[in-house]
Amino acid sequence: IKSRIHDVTAYIHNHYQEPLSLDFLADKFFLNKYYLSHQFKLHTGYTVVSYIQMTRISNAQYLLKNTDSKITEIAEKTGFLTFSQFNRVFKKSCGMPPTEYRRQKDNIFIF
């Protein structure tokens with residue numbers, strides 16, 4: 001199962017811009033969603049949803065610091081369905097809204 005969890009995490013890293021969910025990933029990898037959920041948490045320490053969000057936020061942090069893209073575009077590029085969802089998850093993860101994060105000069109990646 002360890003290699004299957006690795007395959008799932010690799011898929012998340014390569015497709016974080018796309019709609020992802022526990023149900024989708026379970027179907028994609030031919031696993032029971034409850035089994036996947038339990039094994040994923042056991043092997044990574046994260047729930048599937050929090051891992052997806054962490055991956056998206058990490059990529060958003062990079063884009064905020066290294067591009068001039070609008071924050072709404074970054075939210076869309078990193079797979080968030082709405083700007084408000086992006087803003088809420090980003091603030092919860094990073095302790096500040098994306099606009100403030102971008103303004104800061106020397107950021108350390110949280111993830």
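Student: Which residues are exposed on the other side of α1, away from its buried residues?

Tutor: This is a predicted model, in which local features need pLDDT of at least 70 and side-chain atom pairs count only at pLDDT 80 or more, while totals for chains, interfaces and linings use all residues. Residues are numbered from 1 along each chain as its sequence is written, and side-chain values use heavy atoms, leaving out hydrogens and water. Exposed means over 50% relative accessible area, buried under 20%, and partly exposed in between (1.4 Å probe, protein chains only). On the other side of α1, the exposed residues are Lys 2, Ser 3, His 6 and Asn 14.

Student: Around how wide an arc do the buried residues of α1 lie?

Tutor: In α1, the buried residues are Ile 5, Val 8, Thr 9, Tyr 11 and Ile 12. They lie on the same side of α1 because their arc around the axis is only 155°.

Student: Which helices are included in what covers the buried residues of α1?

Tutor: Helices here are DSSP runs (H or I, at least four residues), numbered from the N terminus. Contact means heavy atoms within 4.5 Å. The cover of the buried residues of α1 includes α2 (22-28), α3 (33-44) and α4 (48-66).

Student: Is Thr 78 buried or exposed?

Tutor: Thr 78 is placed in the loop between α5 (71-77) and α6 (83-94). Not counting residues up to four places away in sequence, Thr 78 touches residues including Tyr 16, Arg 56 and Phe 86. Because its relative accessibility is 0%, Thr 78 counts as buried.

Note on methods:
Helix = DSSP H or I, 4+ residues; strand = E, 2+ residues; numbered from the N terminus. Arc of directions from axis to C-beta.
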